[in-house]
Amino acid sequence: MAQSEAKTFEEAKELDEKYVMHTFGRKPVMLVEGKGMTVKDDTGKEYLDFIAGIGVDSLGHCHPAVVDAIKAQAEKLIHVSNYYYIEKRGEVAKMISTMANEDVPKFYRAPWLTFFANSGAEANECAIKLARAYSKRFSLGGQTIIVLTNSFHGRTLATLAATAQPAKQELFKPLPEGFIPVPMNDMHALKQAFADADGMVAAVMVECIQGEGGVRPCDEDYLCDVMQYARQFGALVISDEVQTGVYRTGKPFAFQNFGFTPDIFTMAKGIASGFPMGACVARVEVAEAFQPGDHGSTFGGSNLAVAAAHATLSTLMKEPFVKEIDDLGCYFADKLEALEDITEVRGMGLMVGADLVDDLDANQVVLEGLKKGFLLNATSKNTLRFLPPLICTEAEIDTLVDALPGLFADARATMAAKAAAAAEADAAKAEAEAMAAQVKDMLG
């Protein structure tokens, strides 16, 4: 085998385990090719993809418009940094502004300004910095960010501090200060947090639908109340749209489904259909809190990323299938709800979570799906999350839903076999320990 080449799954696995940090529990497959909803592994086996790179591949795998845009740009100019103007960056920012102004009150319709980053965590870091800069320069000076429990905003130190999940935070303490967690949909707790901060709050940071938290939507009335209450204190509202943005929920951004308009919102996953990109977007009067030198990125909004985003957004804004995402999501949810082993279905558009009965392990279902040609995802022991490409069809949903009862049965059988093996091992261990104790007594 050549030093830098892995031709098979086993070779790739060996290299990964030897040279790549072990930050992911990877599934036992090497994916090498994709088109639309389908990917292939190194043996040629095909899989229907219902996770889309964690909600990233908006247009499916290797959409011609995105591939052609990246190819053309790579042959022309790859990177020059943010010191210079480049083609299409302003056009992409204008597209985002146009998308943001859909389904919002007329008095909020103004140019939205974008900072381009490389990931969701970076976009959220920018949002936090911008909110604090705005508070110091134009508002009351408060620096506290109120966040919702069970949220997920990233893995950098600041975004981890904003991620109100103690289990993810403990190893990395001390974390940056200035974040107060409150339960979702609890206005009393939110008001108490404002009181605890003496009203010195820079922003409230929300996810309209908590993706990593199990696809759990906020109440619509709650988000509207948050917006109104925050503005009484000169605080901003940040909507983390990293997973919900770019038509994932049927509208350009999830907040447009909930009847409220944030001051800042972020996105990443779906914006460039697989190419790394993130964005922090703010109303023009909020964005003015940033001055040259306050924030920056070497790679953010690079030539290649902008080309991929331009192709992705141009396609999404004109394709008729986008108008069907909401109906398709309802179709998917109805099909899932009809399955005996599913107890609850949540979500919006093509962001769907399904809770399983207690005796089913969602992680085992994911592994059984892999054996049968499906890429699935679990956010917890009992919750499956579906984030298919936005080009998904009813026929592909039917294929998965028809297969799920069999996957559930296989998962139960595998879990039973594992339990029997564990019980047998425990019994053998107990027998060996008893024999050792007898020998010890005999030897006295």
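This passage describes selected helices, a four-stranded sheet and some unusual backbone geometry in a predicted model.

Residues are numbered from 1 along each chain as its sequence is written; in this predicted model, local features require pLDDT of at least 70 and side-chain atom pairs pLDDT 80 or more, whereas totals for chains, interfaces and linings use all residues. Side-chain values rest on heavy atoms, with hydrogens and water left out.

Helices and strands are DSSP runs numbered from the N terminus (helices H or I, at least four residues; strands E, at least two). Helix α4 comprises the twelve residues 89–100. The expected span of a helix is 1.5 Å times one less than its number of residues; for α4 this gives 16 Å, and the end C-alpha atoms, 17 Å apart, agree with that value. The buried residues of α4 are Arg89, Val92, Ala93, Met95, Ile96, Ser97, Met99 and Ala100, where buried denotes under 20% relative accessible area, exposed over 50%, and partly exposed the range in between (1.4 Å probe, protein chains only). These buried residues pack against β4 (112–117), β11 (264–267), β12 (278–283) and α11, contact being defined by heavy atoms within 4.5 Å.

The axes of α4 and α11 come within 9 Å and cross at roughly 35°. Axes are lines fitted to C-alpha atoms, for helices over the stretch in contact, and angles run from 0 to 180 degrees between N-to-C directions. The crossing of α4 with α11 is left-handed, a term applied if the near helix is turned anticlockwise from the far one by less than a right angle, with clockwise giving right-handed. On the α4 side, the contact involves Arg89, Glu91, Val92, Met95, Ile96, Thr98 and Met99; on the α11 side, it involves Val306, Ala309, His310, Leu313, Ser314 and Met317. Eight of the residues in this contact are nonpolar, three polar and two charged. In this classification Ala, Val, Leu, Ile, Met, Phe, Trp, Tyr, Cys and Pro are nonpolar, Asp, Glu, Lys and Arg charged, and the others, Gly among them, polar.

Alanine 307 also belongs to helix α11, which covers residues 303–318. Alanine 307 is buried, with a relative accessible area of 6%. Beyond neighbours within four places in sequence, alanine 307 contacts Ala69 and Gln73. Alanine 307 and valine 92 are separated by 215 residues in sequence, yet their C-alpha atoms are 8.9 Å apart in space.

An open sheet is formed by four strands in the order β13-β14-β17-β16, with antiparallel pairing; two strands pair if DSSP finds at least two bridges between them. The edges are occupied by β13 (342–348) and β16 (377–380), each of which has a single partner strand, so one side of each lacks a neighbour in the sheet. From one strand to the next, the twist averages 25°. Strands β14 (residues 351–356) and β17 (residues 383–386) are joined in the antiparallel sense over four bridges, and glycine 353 stands opposite arginine 385 in β17. Helix α12 (residues 325–337) packs on the sheet through β13, β14 and β17, its direction making about 170° with that of β13. Helix α13 (residues 362–371) likewise packs on the sheet, touching β14, β16 and β17, and its direction makes about 170° with that of β16.

Strand β14 is mostly covered, six of its six residues being buried. Met351, Gly353 and Asp355 are buried on one side, and Val352, Ala354 and Leu356 on the other. Six bridges connect β14 to β13 in antiparallel orientation, including that between methionine 348 and methionine 351 of β14. Two residues separate the strands of the β13 and β14 hairpin, in which glycine 349 adopts a positive phi near 60°.

Backbone geometry was also examined elsewhere in the chain. Lysine 173 and proline 174 are joined by a cis peptide bond, with omega about 5°; proline 174 is located in the loop between α7 (166–169) and β6 (179–182). Alanine 52, although not a glycine, has a positive phi of about 50°. Alanine 52 lies in helix α2 (residues 52–55) and is buried, with a relative accessible area of 0%. Tyrosine 247, another residue other than glycine, has a positive phi near 70°. Tyrosine 247 occupies the loop between β10 (236–240) and β11, and is buried at a relative accessible area of 6%.
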